[in-house]
Amino acid sequence: MSENKKMLKIFVFISILFITVICYLSYFEIFLKEEVVNNSYNKRMWITSSDRLRGSIMDRNGEVLAYSTFNNDSSQTRIYPYDELYCHVIGYNSNIYGNSFLESKFQKELTGDMATNKLLDIKNLILGNEIRGNDLVLTINHDLQTKALELLEENSGAIVALDPNTGEILSMVSNPGFDPHSDYIESNWSSISTDDNSNLMSRAIQGTYPPGSIFKIITSTAAIESGLDEYIADDQGSVTIDGKIYSNAGNEKYGIIDLGKAFSVSSNVYFASLAIELGSENLLQCALDYGFNKPIDFDLNVKKSEFSTKAFTDTDLASTGIGQGITMVTPLHMALVASAVANDGIVMEPYLVSAVMASDGTQITKKSREKLFDVIDKNSADILKKMMIDTVETGTGKKAAITGITVAGKTGTAQNEKSDSEGKDHAWFVGFAPADDPQIAVAVFLEYSGSSGGNAAAPIAGDLMEFYLK
Amino acid sequence: MFEILASFLKYVFIIIIYYFIYGIIRLIYLDISTTTHTGRSLSSKDPYLKLINRRESLNFKVEESYFLDSTKTIGRSNKNQIIIKDPFLSSEHAEFVFKNNYWYVFDLGSKNGVYVNNLKVEDIGQSLNDGDTIHLGQLDFIFVDQFDRSDR
Amino acid sequence: MNGSNSIFKPVRMVLLFNFLAFILMYFYGSENSLNVLLLGLAVIFTIGILYHIIKVYDWGDEYLFLIASMLCSIGILMIYRLDPDYGIRQIKWFGLGTAVFFLTFIFLGKTKFWSSKPMIYAYPLISIFLFSVTLIFGQRIGGAKNWIEIFGINVQPWEIIKLLYVFYAGLFFSNRELIYLPTVNLKGKAIKINSIFLFSLISYVHLGFLVLQREWGGAVLLFLIFFSFLYAFDNHRSFLFVNGVFALVGGFVGYLLLDHIQVRIWTWIDPWSDMAGKGYQITQSLFAIGAGGFFGTGIGLGNPEIIPEVHTDFIFSAICEEMGIFGGVAVVLLYFLLVYRGIKISLRIDNIFYKAASFGITAIFGFQTFIIIGGVIKLVPLTGITLPFISYGGSSLISTFLALGALQAVSMKNSFSASKVVEADE
């Protein structure tokens, strides 16, 4: 009967629909799921499972930086013993407003949802032990972190210190911060989330700022790489390019100077002329080598540093060469620039979490050290290092000097939207020490400091490195 | 307590449901090949044997109907024209023959015999009329003959 | 002697599933009420006894009820886990559903009333009456105006109407030659109107009411059923084609004119851009499915309650979260088996009324399942419709069991007619 044949075709059609459903479900599970589940709107990411205690977070020496306890009603309270100190590293964890920073990025590990051994859970349950998520071990040095925030005082800004040989973040602070405890977050959410001071934002990784003269490290690198390291200019305190006047800080005149001298005294006249000589191609290539416009793989989300790829006029080029213009950088990235020079031209991938530990002490994952950028060869790095040592010994960075230890560095004073009206430049210092065997690279950034990098940022960097090395 | 139970049972539930599905698919497999044969009954004037048993309850492959367009033997062995792997059938069990304007069934010396309308078929065979029931092995058939042979 | 004697018979799997499920429910929540264990025993006995009655008295297909019981059992477990009160109510609805199944089977099996010719007028008239009542007294729940309150109970008339429509279609196709339509004189030529136009007209009236009620899932379902009937029981390919074009144009015009449809299409294409608003349901559903993995979190250990309407339209997402992709695929396979049995029943019966009615019911099961599962996994645009046998709700469960009872009655006629198929049809 023809009806039967046609009914069979309808049946085949329904079967195809069902098979499509099954295939799509499998496809979703295997390929799409990861992206979907990690969406920040997924409340499952926030809900602390009431039965499993959220894991603790410790510094490199086992100092506990965050832990949870059960309440009577089987809910949990997250405790941060050092309050604001780690607010931009560990972040907060709220059942209402979700979580941020490591609490968010390592949610799965901390709650044990994905990475926990289920058999261990059952064993603990039977033995009556607490069921716990996994613990995180950080690369942070708690003493250094404390010192960094102390040195920052009331200044708005950020300090990043890392080990240039490994990429381990030793300390990362940002001001102003907030109390990460959930009761504070939940009762002050509207004020802190809309505050003009952007308390919730980490200035170390989420804010981008004009680099000022520390960008001269990149301009110098471009000069060395393109054979212009012998370039000489007659510095008469100011130079006019296409009608725009570029002058040195304090209108100092340095006369005929070479790259090394110009670098240590931070001559704007020299570097503006050098940038014109280099051309935008060379400068752009060098910036890209240093990681501008590229995402930085890190345990937290880092904003990209921006270097314009549009066509440059001569004034654009001159401004960029001295770190003004439209170039924008993050403090973390500038610490990495210093680490490139410290580590013979190689930037190691920065990381915060060195290991994830199960509650019975077994190590689940360990971070392996990886190269992030291969910027320059050792010879160029050595030339730059020499220039940076001179800067601290005889140039603008004298206040970063440490007795008995050779420090290399570069200062920066960056104009911004408040420079002309209120005279509030940003102050920068990047550097590392000891220069012959670098153990620590730092970036100090003081937002709207009103003072120069040499006067405001350099002493902080010096004190911090001295604290760490002694 | 609930959690241990739930995290254990989630595997058990899946296994149970799939075993259930397997059980039903297995039965579907046994009869799927015959689903498309049903169309022939109205177009043919040949008599046929119609199975009364539910095929799902039988553990071997059996068609819904067998057409008798020529002499046919039935049994387990592959020599037969109608092969059914019913363990209660003999290897050559019975024969259907058309002679003198009638269809006859003969027992080919089977162990369990052939029954027409519940009467055992003797050596001389048994003529068949429309609507007769034929029992052999575990199987029950109806002999369907729409063609009025008395006119011939 | 054969495999059906093994302890792993399908019916035992259903009973074992329920046994374990009710033990789990007993431990779920803080009450540990014995009540749920007693209800569990009642469910197990109901399924066991009814199955054996079907088998012993040879009431036709023995698997329809088994597959439906397995689906209901999964539904009950899931709904109880979402809300024990709803779960208890669903168990009671299930009990009532099996009673309806039983009575429908007896009634339709013993009487010819439902296939008698006068009903060809009664079915559409009752449907239109019910539609009108819904439109006038209906309450708008979740966008669609499809509920009426009778004696304090919310009833969804559409659930019954879809069965009436299928019965109507059965009567129409078995009595086509009797349907009188006037001939039309066009430019002196007498043109006899094909009776299929009448069937289409009735179908489009149904469709119109569903659109007025904003019951989009129902409208899509009805159109698919209508189309399947046209395809299987009518030989006018060009008419089928015209209806297909008509549907496409209608859908497109609807898309242009109706904000609701645009929203549905856009939240299907990109739910992520408005996750807090219009895309909320579907994204929450996808989060749930993603959270499950292959084996699920385990019953009671996930967070499906975050999804709005999780116990009705989105129950499949909850199953995927807590029973995993394997659980979800198993559910789809169960529906596949159900549809397979249904199609098989309608293939074997020769009477056109029974053939069309059982085919229509089977198509409802198949398409309704696809529309809602495809919707919640974002394979097709989401239109609210219940998942047969699993979703929470009396109207849905009762009408589905009514349909199953009718299917069972047809399968019984099937085996009954086997012995005298010749006389019956010649």
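In the predicted model, chain A contains an open sheet of five strands, ordered β8-β7-β19-β18-β17. Pairing in this sheet is antiparallel. Strands β8 (169–175) and β17 (408–414) of chain A form the edges, each with a pairing partner on one side only. On average, neighbouring strands of the sheet are turned by 5° against each other, with direction ignored.

Within the sheet, strand β7 (residues 157–162) of chain A is joined to strand β19 (residues 440–446) of chain A by six bridges. These two strands run antiparallel. One residue pair can be named: A:A158 has A:F445 in β19(A) as its bridge partner. A helix also lies across this region. Helix α12 (residues 331–342) of chain A crosses β7, β8, β18 (426–433) and β19 of chain A. The angle between α12 and β19(A) is about 145°.

Chain C was examined as a whole. Its secondary structure consists of 15 helices and five strands. Chain C has 426 residues, and 59% of them are buried. Among contacts in chain C with a separation of 6 or more, 70% link residues 24 or more positions apart. The accessible surface of chain C is about 16,700 Å². Carbon and sulfur atoms account for 69% of that surface.

Helix α3 (residues 63–82) of chain C was checked against its expected length. The helix has 20 residues, so at 1.5 Å a residue it should span 28 Å. The end C-alpha atoms of α3(C) lie 29 Å apart, which agrees with the expected span. Helix α3(C) is also mostly covered, with 20 of its 20 residues buried.

Definitions and conventions
Residues are numbered from 1 along each chain as its sequence is written. Chains are lettered from A and ligands numbered from 1 in the order in which they are written. This is a predicted model: local features need pLDDT of at least 70, side-chain atom pairs count only at pLDDT 80 or more; totals for chains, interfaces and linings use all residues. Side-chain values use heavy atoms; hydrogens and water are left out. Helices (H or I, at least four residues) and strands (E, at least two) are DSSP runs, numbered from the N terminus. Buried means under 20% relative accessible area, exposed over 50%, partly exposed in between (1.4 Å probe, protein chains only). Contact means heavy atoms within 4.5 Å. Accessible areas come from the Shrake-Rupley method with a 1.4 Å probe; for residues, only the protein chains shown count as cover. The expected span of a helix is 1.5 Å times one less than its number of residues. Two strands pair if DSSP finds at least two bridges between them. Axes are lines fitted to C-alpha atoms, for helices over the stretch in contact, and angles run from 0 to 180 degrees between N-to-C directions.
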